[in-house]
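Please open the structure in a viewer and keep the selection tool at hand. The tour below proceeds from one selection to the next.

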Amino acid sequence: MTQPTPSLPEPHLPEQFRALRAVKDETGVRPEFQTLTLTDLPEGDTLVRVTHSSLNYKDGLAVAGRPGVLKSYPMTPGIDLAGTVVQDQTGTYQPGDAVLLTGWGIGERQDGGYAEYARVKAGWLVPLPEGTTPQWAMSVGTAGFTAMLAVMALEEHGVTPGSGEVLVTGAAGGVGSTAVALLAAAGHTVTASTGRPEEEAYLRSLGASNVIGREELPALKRPLEKERWAGVVDSVGADTLAGALASTRTHGAVAACGLAGGSTLDTTVFPFILRGVNLLGIDSVNCPSERRRAAWARLARDLPADKLADVTQVRPLSDVPGLAQEILAGQVRGRTVIDVT
Ligand code: NDP
């Protein structure tokens with residue numbers, strides 16, 4: 001005789017919940033705390049109770065009302081979230097499963113992580129790696145995930161421990177600090193470039209062997225400079241990236257992650273055609289699922305938890321408007337987790 005299938009308990013659905021929204025009117029764009037209901041959420045097959053989000057440079061731009069990130073208004077910013085599944089119509093996840101989500105356009109094209117609930121696609125979620133917590137996942141966030149993708153890309157292009165110095169630019173920022181810690185933990189010799197000399201001790205504590213000033217790279221103006229870097233993780237762009245390319249060693253590789261210093265790239269083809277330097281683009285938003293899971297598994301395995309905790313601050317959702325200004329002013333060190341509970 002077949003046993004009746006036990007029915008799952010009905011999930012607890014909130015009548016209303018809190019969200020930080022970017023709203024636009026004739027005076028411009030401003031952040032506003034609002035009370036929403038589930039009908040306000042976008043379409044999607046999976047409802048997630050968000051417990052943690054994080055603060056990235058892009059979130060700073062969105063919350064501060066800078067153009068280019070949010071595609072419509074009102075919108076809940078927050079490109080990262082972690083929490084537990086409430087309902088999943090696809091059956092991929094069970095209620096209570098711990099998940100994380102970065103990118104895929106949340107906090108840009110549709111409502112993101114700065115709210116107690118999010119409706120998303122199950123295919124965008126990554127199960128929380130075993131032994132980790134939502135707070136850990138958000139201390140990594142898009143910034144740490146991007147750093148991991150950059151390190152993986154360098155390795156795939158022959159930059160292995162022992163190949164020589166690896167440069168990290170914007171080193172005291174979120175992508176930069178995680179890249180320094182990941183590279184050092186993997187056995188690379190890391191040189192950190194920063195505009196904040198007062199962060200030298202901090203960068204050395206993450207594993208940097210050398211710390212150089214932010215101004216040194218843009219000063220490298222010739223098409224080919226003295227060969228120095230086996231690999232580069234760049235979160236700054238513009239003349240910093242051009243200087244890094246010109247001083248990368250033969251058959252070295254440069255992972256271009258960001259534009260904190262500008263989006264232009266004024267360079268020549270000489271590093272590419274005379275030294276075989278590879279310029280690798282890093283895109284965390286649309287990264288395919290399989291590579292995402294591989295990166296998260298590796299982050300859980302390789303990123304020293306004590307180092308990550310040292311570079312992380314946890315702040316409430318109510319602090320986000322102020323934090324947005326700070327990250328745009330380059331005053332945020334390491335990673336910021338947003339507690340959404
Ligand atoms: P942070 O603000 O945490 O870090 C950026 C760092 O860049 C700062 O800490 C600072 O480092 C340096 N910096 C800031 N302004 C300037 C400037 N004018 N000139 C030179 N250096 C500067 O941001 P994140 O780490 O979150 O992001 C870094 C970049 O990567 C951003 O441009 C972001 O948009 C991009 N990004 C891209 C992703 C992708 O998928 N490709 C994903 C995530 C981020 P210091 O004080 O050490 O000099």
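In which loop is the place of G258? Select G258 to find out: its place is in the loop between β12 (248-256) and α6 (270-275). Please bear in mind that the model is predicted.

**G258 and its contacts**

With G258 still selected, display its surroundings. G258 is buried because 24 other C-beta atoms lie within 10 Å, and the cut-off for a buried residue is 20 or more. Next, add G170, V175, S235, V236 and G237 to the selection; G258 is in contact with these residues, leaving aside its neighbours within four places in sequence. For a contrast, select M75: M75 and G258 are 183 residues apart in sequence, and their C-alpha atoms are 24 Å apart in space.

**The shell around the ligand**

Now turn to the ligand. There are 32 residues around the ligand, and of these G170, G173, T194, G258 and G261 come nearest. Colour the shell by residue class: it has 13 nonpolar, 15 polar and four charged residues. Then show the helices α1 (57-63), α2 and α3 (174-185), each of which supplies at least two residues of the shell. The shell also draws at least three residues from each of domain 1 (17-128 + 311-339) and domain 2 (143-281).

**The two domains**

Colour the protein chain by its domain assignment, which gives domain 1 (17-128 + 311-339) and domain 2 (143-281). The C-alpha centres of domain 1 and domain 2 lie 29 Å apart. Where the two touch, seven residues of domain 1 are in contact with nine residues of domain 2. On the side of domain 1 that touches domain 2, the residues divide into two nonpolar, three polar and two charged.

For comparison with the record, select residues 28-338, which UniProt lists in an unreviewed entry as "domain: Enoyl reductase (ER)". The end C-alpha atoms of this span lie 25 Å apart, and the span is 30% helix and 26% strand.

**Helix α2**

Select residues 134-156, which form helix α2, and view the helix from the side: it bends by about 65° at G141. Helix α2 is mostly covered, since 19 of its 23 residues are buried. Proceed to G158, just after α2, where the backbone takes a positive phi of about 90°.

**Helix α5**

The next selection is helix α5, residues 238-246, which is also mostly covered, with eight of its nine residues buried. The buried residues are D239, T240, L241, A242, G243, A244, L245 and A246. To see what covers them, show β8 (165-169), β11 (229-234), β12, α6 and β13 (278-281), which are included in the cover.

Then select A238, whose place is in helix α5. A238 has a positive phi of about 50° although it is not a glycine. A238 counts as partly exposed because it has 18 C-beta neighbours inside 10 Å.

**The loop between α1 and β4**

Move to the loop between α1 and β4 (80-88), where P74 lies. Select Y73 together with P74 and inspect the peptide bond from Y73 to P74: it is cis, with omega near -10°.

L70 is found in the loop between α1 and β4 as well. Is L70 buried or partly exposed? L70 counts as buried because it has 23 C-beta neighbours inside 10 Å. Add A22, A62, M75, P77 and E108, which L70 touches, not counting residues up to four places away in sequence. A distance drawn from L70 to G44, 26 residues apart along the chain, gives a C-alpha separation of 19 Å.

**Two further loops**

Select W104, whose place is in the loop between β5 (98-102) and β6 (117-120). W104 has a positive phi of about 60° although it is not a glycine. W104 is buried, with 22 other C-beta atoms within 10 Å.

The last stop is D319, in the loop between β14 (312-316) and α9 (320-328). D319 counts as partly exposed, with 16 C-beta neighbours inside 10 Å. Finally, select I338 with D319: these residues are 19 apart along the chain, and their C-alpha atoms are separated by 8.5 Å.

Key: Residues numbered from 1 in each chain as written. Predicted model: local features only at pLDDT ≥ 70, side-chain atom pairs only at ≥ 80, totals over all residues. UniProt positions renumbered as here; feature names shortened; annotations may be inferred. Helix = DSSP H or I, 4+ residues; strand = E, 2+ residues; numbered from the N terminus. Bend = angle between axes of the 7 residues up to and from the residue. Buried ≥ 20, exposed ≤ 12 C-beta atoms within 10 Å, placed from the backbone. Near = placed C-beta within 6 Å. Nonpolar A, V, L, I, M, F, W, Y, C, P; charged D, E, K, R; others polar. Domains from an automatic or database assignment.
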